[in-house]
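Welcome! Open your viewer, get ready to select residues by chain and number, and follow along stop by stop.

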Amino acid sequence: MSTVYTETVVHAAPAEFVADAPYQLAIVDLEGGGRLTVRILGERVKICDRVELAETRDGIEFFRKK
Amino acid sequence: MGIGKTVFGAFPDRTLRSLAVEAGEKCLEDADVSASQIEAFYLGNFAGPGFVGQNHLAPFIASSLGITGIPCTRFENACASSGSAFFHAVSSVAAGLNDIVLVVGVEKMTSRSTPEVTEILSEAGDMGGEGRAGATFPALFAMIARRHMYQYGTTREHLAAVAVKNHANGAKNPLAHMRKVITMEQALAGKPISEPLTVFDCSLISDGAAAAIIVPLERASEFADQPVRILGIAQTSDYVALDAKPDITTFWAVREAAEKAYKMAHVSARDIEFAEVHDCFTIAEIIATEDLGFIKKGEGGPYALEGRTAFRAERPINASGGLKSKGHPVGATGVGQICDVVMQIRGEAGDLQLDRHSLGLAQNLGGSGATAVVTVLGEI
């Protein structure tokens, strides 16, 4: 099971992602080991929440609350 | 040792070159050194090419100061670019390779829009990983703050206390970008940038330059009435990507640099009377006070809120106003901190002058902690 190590909701986005803001980013401790910086889809998550991969789009992994 | 600094701020009419030249000339004058005496030139600059479209910056700036025919090199290490340039300048003098070296740090940021600046700054992170996912620098430090809050009970009030204190100090600094006192209520009610950080937790997008001249100790009296001694200095590194670090609530590179610099200076953390630390975000100052050994790990928040880092406290932190109020022209910040510490030691800090000012420290951080430079300075 993957869990949220830390997270933030980005309001001031870089030029490329201005249209997406606000969006939630998280560093996730992956089930198989290692950490990844991902976007969160849907419901906001907090540290220690369980999450799973929802989709990969434009090279970005989107996770959601499990 | 000589120093020179421009005012930090937003200067639409100034070029990167004019800022760097102003700081360099002030520095040459301060040390009573002529351009032809400089034996090597070190430039700290993060993103001149991205911000103003100019590369090959070291000889570009040096020749504008009338300096040619010597090694001129630019150092890029994100927000620790000029701290790194300074470290290598000191190394070359210590090695006996050069006697009189000039270090300049400069950044011209305000010619770009805020989203563009945000994007260029994010290039100091791992663009294939966190950057691709949409991480800005405020976002990386927001994630650091969240984890620090989770592990140690740090609160929004702790973060805001850093901003309130640094603005109170910076309001007295004639070279600061934002000379404005703010209240705790204002700091807590700031516009969110990347939760839990608000606009009051973030340093400023600024233009500015700073310079320093380094000479061997035995020749110091030739150049300055009140030379200041570099007692210890270290530069260290860590992973660039935040998600590659095992524990993001500590900047390991800062801990290692501090340990080495203290050892070289034959001092310990408790001997340091005042410090200029890298408060690119309020959480970064809280963590810096822990990593430099001023307070136990996890207690940096209460340390700030209880006023123990304030101007008249036991060990004032960022008496200059820090990056928060003074401004953060990223490539100028490291040498700018050195200038602030030197002014204190010389007793030339004016309204910012501290009571105890014979042993000071400067801590410069690059990215989310992949580069750290710690310098201990004192009276001769």
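Domain bounds here come from an automatic or database domain assignment. Keep in mind that you are looking at a predicted model.

**Stop 1: the two domains of chain B**

Select residues 2-112 together with 207-222 of chain B and colour them: this is domain 1. Now give another colour to 125-204 plus 227-379, which make up domain 2. The C-alpha centres of these two domains of chain B are 23 Å apart. Where they touch, domain 1 of chain B contributes 33 residues and domain 2 of chain B contributes 29.

Which elements should you pick out on the domain 1 side of this contact in chain B? Try strand S1 (2-5), helix H4 (81-94), strand S4 (101-108) and strand S7 (207-214) of chain B, each of which supplies at least two residues. H4(B) gives the largest share of that side, with seven residues. By class, the domain 1 side that touches domain 2 in chain B has 19 nonpolar, 11 polar and three charged residues.

**Stop 2: a pair of helices**

Keep H4(B) selected and add helix H13 (residues 330-346) of chain B. Their axes are 5 Å apart, and the helices pack at an angle of about 55 degrees. That angle makes H4(B) oblique to H13(B). To see the contact itself, show B:Ser81, B:Ser82, B:Gly83 and B:Phe86 on H4(B). Across from them, show the residues of H13(B), including B:Val330, B:Thr333, B:Val335 and B:Ile338. This helix contact has five nonpolar residues, six polar ones and no charged ones.

**Stop 3: the nonpolar core**

Next, centre your view on B:Val103, B:Ala211 and B:Ala212. Within the largest nonpolar core, which has 146 residues, these three touch the most other members. Both domain 1 and domain 2 of chain B give at least three residues to this core.

What does B:Val103 touch, leaving aside residues up to four places away in sequence? Among its contacts are B:Tyr42, B:Ala85, B:Ala89 and B:Ile214. B:Val103 also touches B:Ser82 and B:Phe86, as well as B:Val335, and you met those three at the helix contact.

Another core of five residues lies apart from the largest one; select B:Phe8, B:Ala176, B:Met178 and B:Leu204 to see some of its members.

**Stop 4: where the chains meet**

Finally, bring chain A into view: 25 of its residues are in contact with 26 residues of chain B. On the chain A side, select strand S1 (2-10), strand S2 (23-29) and strand S3 (35-40), the elements that give two or more residues. This side of chain A has 15 nonpolar, five polar and five charged residues.

Methods
Residues numbered from 1 in each chain as written. Chains lettered and ligands numbered in written order. Predicted model: local features only at pLDDT ≥ 70, side-chain atom pairs only at ≥ 80, totals over all residues. Contact = placed C-beta atoms within 7 Å. Helix = DSSP H or I, 4+ residues; strand = E, 2+ residues; numbered from the N terminus. Nonpolar A, V, L, I, M, F, W, Y, C, P; charged D, E, K, R; others polar. Axes fitted to C-alpha atoms, helices over the stretch in contact; angles between N-to-C directions. Parallel < 35°, antiparallel > 145°, perpendicular 65-115°, else oblique. Core = buried A, V, L, I, M, F, W, Y, C linked by C-beta atoms within 7 Å. Buried ≥ 20, exposed ≤ 12 C-beta atoms within 10 Å, placed from the backbone.
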